[in-house]
Structures are given as C-alpha cells and as structure tokens.
Amino acid sequence: MLCSKYVGVTSLMNATQTKIEKSARIADIVLKIARILGWIVIACMILLLGAAAVIYGIAGPDLFSDVFASENATVLSAGGETVLTVGMIPGLIALFSIVSFVYMGLLMAILIIAGRIFSGIRKTLLPFTEENAKHLKTIAVLIAVISVVPAFIEAIGEAIIGFSMDMFYFSIEGLVLAFVVYSLAHIFEYGLNLQEQADETL
C-alpha cells in the first residue's frame, strides 16, 4: 500500500516536472525571439540616428532651411499659435532618441533577466530558487523604473525644448505590475523554504 502511494507520488512529480520543463522551454524560446527583435529595433534606431547625425553634420543648420524659410519658421501650429519651429527639431530628435534608448535599454534588461529565470528552470526543473527570487525582485525594480523614468526624462526635455511629445506617460499599471512581481519574489522565497524543508524530511 505504501509502495503504491510512493509510486503514485513519484509519477505525479515526474509529470509535473515534464510540464515545467515544457513550459520553461517555450517561455525561453519566446523570450529569445523577443530579445532578438529588441536588438534589431535598437540597431535600427542607432542606424537611423547615425544617418541623421551624418546628414545634419554635412548640411549643418541649412538642412532644414531648404524646406523652411528660417530657423523660426513654423513647422506645426494650432489655433494660429506656433507649436513647433524648425529650431526645435534637433532638440526634439535628441530628446526622442534619449527617451527611446532608455526605454529600450530597460525593456531589454527585463527580457534578459526573465530569460535567465526560465533558462535556469529548464535546466534544473526547480522554479523555487534563491537566484530566481532575486531575479524577480530585479525585474520588479526595472518595471517600476520603466514606468516612470522615460516619462520623467521626457518631461524635463519638453521643459527645455518647449514642445510636448506626449509619447511616454507615468504608468500606474506598470507600478502595480512591479508590486505584483515583487510579491511573487517573496512567494518564490517561501516556496524555496518549503522545498528545503521537504528535502530535509526526505
């Protein structure tokens, strides 16, 4: 009777480990694809920014004067009031580049750390580890940072340039998600303690 229960528990654990391994493998593959796409996006951003810098370096301030009459020429206006002028364009491009690179950098960091979690689970079949708990806490911090920092940088840049991009916002949802992920880290730590107690019992 005891032997049959042990066999049943063992087979259940093996089935669970198989599911964990499959799920971790799929998540690992998806995250690898996401990281590749992220690096492609960053590479395209660098190429575009580099090309714009070279063209502006060659043409100088005359780059936009061929299209617009002067540096104070209106590019975009609303209700008869000037919103964007030619002189603001270089600063606007620089601001957009800085915010975009910060955003993509933080996003890539999250994808890389998440990849380490699932890669580790795939190899060890142990989701509850001290390393994974630390990774989750780091991801939570990065999510919180990505929820406020790009918008903060944009707000400072807009104050300097005098033109609002309205592309990045302070994300309450992101902060809530960061709190949830941080709470999951504590759950992983609790699961690790239970796992260690079970190992000691066996």
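These are my notebook entries on what I looked up in this predicted model.

**Ground rules**

I number residues from 1 along each chain as its sequence is written, and I work with side-chain values from heavy atoms, leaving out hydrogens and water. Since the model is predicted, local features need pLDDT of at least 70 and side-chain atom pairs count only at pLDDT 80 or more, while totals for chains, interfaces and linings use all residues.

**Overall layout**

I started with the elements and found five helices and two strands. Helices here are DSSP runs of H or I with at least four residues, strands are runs of E with at least two, and both are numbered from the N terminus. Along the sequence the pattern reads α-α-β-β-α-α-α.

Next I looked up burial: 29% of the 202 residues count as buried. I use buried for under 20% relative accessible area, exposed for over 50%, and partly exposed for in between (1.4 Å probe, protein chains only). The protein exposes about 13000 Å², and carbon and sulfur atoms supply 71% of that area. Those areas come from the Shrake-Rupley method with a 1.4 Å probe; for residues, only the protein chains shown count as cover.

Then contacts, meaning heavy atoms within 4.5 Å. Among contacts with a separation of 6 or more, residues 24 or more positions apart account for 70%.

**Helix α3 and its end**

I checked the span of helix α3, residues 89-124. Its 36 residues reach 52 Å from first C-alpha to last, close to the 52 Å expected at 1.5 Å a residue. The expected span is 1.5 Å times one less than the number of residues. Just after α3, I noted that Leu-125 takes a positive phi of about 60 degrees.

**Salt bridges**

How many salt bridges does the rule give? I get five, counting a side-chain nitrogen of Lys or Arg within 4 Å of a carboxyl oxygen of Asp or Glu. As background, side chains of opposite charge can pair when their charged atoms come close.

One of them joins Glu-21 and Arg-25, at 2.6 Å from N to O. Both residues lie in helix α1 (residues 2-59), four residues apart, about one turn of the helix. An α-helix has 3.6 residues a turn, so residues three or four places apart point the same way. Glu-21 is partly exposed at 23% relative accessible area, and Arg-25 is partly exposed at 28%.

Another joins Asp-28 and Lys-32, at 3.7 Å from N to O. These two are also in helix α1, four residues apart and separated by about one helical turn. Asp-28 is buried, with a relative accessible area of 3%, whereas Lys-32 is partly exposed at 40%. I also found Arg-122 linked with Asp-28 and Lys-32 in a network of salt bridges.

I then turned to Glu-189 and Lys-137, whose closest N and O atoms are 2.9 Å apart. Glu-189 lies in helix α5 and Lys-137 in helix α4 (residues 130-161), so this salt bridge ties together parts that are 52 residues apart in sequence. Glu-189 is partly exposed at 28%, and Lys-137 is partly exposed at 22%.

**A charge without a partner**

Glu-154, in helix α4, caught my eye. Which side chain of opposite charge is nearest to Glu-154? It is Arg-35, 26 Å away; Glu-154 is buried yet has no salt bridge. For charge, Lys and Arg count as positive and Asp and Glu as negative, with His and the chain ends not counted. Leaving aside residues up to four places away in sequence, Glu-154 touches Leu-95, Val-99, Met-165, Asp-166, Met-167 and Phe-168.

**The aromatic pair**

I searched the whole structure and found one aromatic pair. The ring centres of Phe-128 and Phe-188 are 5.2 Å apart and their planes stand at 65 degrees, so the pair is edge-to-face. The rule takes rings of Phe, Tyr and Trp (its six-membered ring) with centres within 6.5 Å; planes under 30 degrees apart are stacked, over 60 edge-to-face and the rest tilted. Phe-128 is in the loop between α3 and α4 and Phe-188 in helix α5, so the pair ties together parts 60 residues apart in sequence. Is each ring buried or exposed? Phe-128 is partly exposed at 29%, whereas Phe-188 counts as buried at 17%.

**More from helix α5**

Asn-193, in helix α5, is 65 residues from Phe-128 in sequence but 8.7 Å away in space, C-alpha to C-alpha. Asn-193 is partly exposed at 40%. Ser-183 is also in helix α5 (residues 172-201), and its C-alpha is 9.0 Å from that of Leu-136, 47 residues apart in sequence. Ser-183 is partly exposed at 27%.
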